[in-house]
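Here's a quick tour of a protein model, written for someone who'd rather be at the bench. Have a look at the structure first, then read on.

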Amino acid sequence: MFFTRTHTTLFPLPKDELIDRLIGKHVSIHNIDFEIFEEDGLLKVIPHAEQVEEIKTLPIAKLNLIAEGKNTKVVATFKMRRLDAGGPFLIVIFCAFLFITSITLLFVDRAAQLISYSMLGAGSLILALFSYRLQTGYFDYIRKIRGYIKSRVTPQTTSTKRAEAVMA
């Protein structure tokens with residue numbers, strides 16, 4: 001819903017070769033291991049976060065590979081793990097509650113403008129901090145998984161080897 005992202009990319013490889021390059025591989029991002037495997041005709045990228053003690057919001061990716069001649073179109077859908085989805089949804093609902101309450105209070109009671117603006121500011125601050133946290137966490141994992149998939153398809157050059165070293 002809010003945190004689901006879909007990206008489509010066209011790769012100049014046949015579908016079977018692309019599957020061979022990706023399946024069974026592991027990628028380590030921020031010291032968390034992600035494994036790529038095939039299930040129900042789709043490739044899935046699942047995090048192995050059993051030993052992680054901190055609170056992390058991690059994506060699960062489903063890669064749908066569609067053969068188009070010599071090329072392969074990859075439709076990658078990233079979703080938040082169900083285990084992780086509760087906290088972010090509560091924060092979004094709480095911020096929406098603050099915004100609705102502050103706007104309603106502003107129109108109902110003009111004398112309570114200070115309270116209304118304070119609630120609006122608090123909701124904006126919480127939402128800004130939450131967005132920053134998502135950009136440096138959840139969406140960063142998505143960007144790095146997409147980069148890893150692209151690096152497995154393109155020929156290895158010095159810059160892609162450097163990018164893989166940075167991801168680890």
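Two residues are in contact here when they have heavy atoms within 4.5 Å of each other. This is a predicted model, so local features need pLDDT of at least 70 and side-chain atom pairs count only at pLDDT 80 or more, while totals for chains, interfaces and linings use all residues. Residues are numbered from 1 along each chain as its sequence is written, and side-chain values use heavy atoms, with hydrogens and water left out. Helices (H or I, at least four residues) and strands (E, at least two) are DSSP runs, numbered from the N terminus.

**Arg-81 and its surroundings**

- Arg-81 sits in the loop between β6 (71-80) and α2 (82-108).
- Is Arg-81 buried or exposed? Its relative accessibility is 16%, so Arg-81 counts as buried; the cut-offs are under 20% relative accessible area for buried, over 50% for exposed, and partly exposed in between (1.4 Å probe, protein chains only).
- Ignoring neighbours within four places in sequence, Arg-81 is in contact with Pro-47, Ala-49, Lys-56, Leu-58 and Ile-60.
- The side chain of Arg-81 also meets that of Asp-84 in a salt bridge (2.8 Å, N to O), a term that stands for a side-chain nitrogen of Lys or Arg within 4 Å of a carboxyl oxygen of Asp or Glu.
- Asp-84 is buried too, at 11% relative accessibility.

**Other salt bridges**

- The structure holds five salt bridges.
- One of them joins the side chains of Lys-44 and Glu-39, at 2.8 Å from N to O. Lys-44 is buried at 14% relative accessibility, whereas Glu-39 is partly exposed at 33%.
- Arg-143 and Asp-140 form another, with their closest N and O atoms 3.7 Å apart. These two are three residues apart in helix α4, which means about one helical turn separates them.
- Within that pair, Asp-140 is buried with a relative accessible area of 12%, and Arg-143 is partly exposed at 41%.
- Lys-144 joins in as well: Asp-140, Arg-143 and Lys-144 are linked in a network of salt bridges.

**Helix α4**

- Helix α4 covers residues 138-153, 16 residues in total. From first C-alpha to last it reaches 23 Å, close to the 22 Å expected at 1.5 Å a residue; that expected span is 1.5 Å times one less than the number of residues.
- Buried residues in α4 include Tyr-138, Phe-139, Tyr-141, Ile-142, Ile-145, Tyr-148 and Ile-149. Polar or charged names turn up on the buried list as well, among them Asp-140, Lys-144 and Ser-151.

**Aromatic pairs around Phe-3**

- Rings of Phe, Tyr and Trp (its six-membered ring) pair if their centres lie within 6.5 Å; planes under 30 degrees apart count as stacked, over 60 as edge-to-face and the rest as tilted.
- How many aromatic pairs does this rule give? The count comes to four.
- In one pair, the ring centres of Phe-3 and Phe-130 are 6.2 Å apart and their planes are at 80 degrees, so the pair is edge-to-face.
- Phe-3 lies in the segment before β1 (5-11) and Phe-130 in helix α3 (residues 113-136), so the pair ties together parts that are 127 residues apart in sequence.
- Both partners are buried: Phe-3 has a relative accessible area of 7%, and Phe-130 comes in at 11%.
- Phe-89 belongs here too, as Phe-3, Phe-89 and Phe-130 form one aromatic cluster.
- Val-92, found in helix α2, touches Phe-2, Phe-3 and Phe-130, not counting residues up to four places away in sequence.
- Val-92 is partly exposed, at 22% relative accessibility. Its C-alpha and that of Phe-2 are separated by 9.4 Å, with the two residues 90 apart along the chain.

**On the surface**

- Ile-103, Phe-107, Tyr-117 and Leu-120 form a nonpolar patch on the surface, with about 420 Å² of accessible area together. The elements giving two or more residues to the patch are α2 and α3.
- Patches are made of residues with over 30% relative accessible area and no salt bridge; like charges are joined within 9 Å, and nonpolar side chains (Val, Leu, Ile, Met, Phe, Trp, Tyr) within 5 Å. Accessible areas come from the Shrake-Rupley method with a 1.4 Å probe, and for residues only the protein chains shown count as cover.
- Phe-107, in helix α2, is exposed with a relative accessible area of 61%.
- Asp-40 has a positive phi of about 55 degrees although it is not a glycine. Asp-40 is in the loop between β3 (32-39) and β4 (42-48) and counts as exposed, at 72% relative accessibility.
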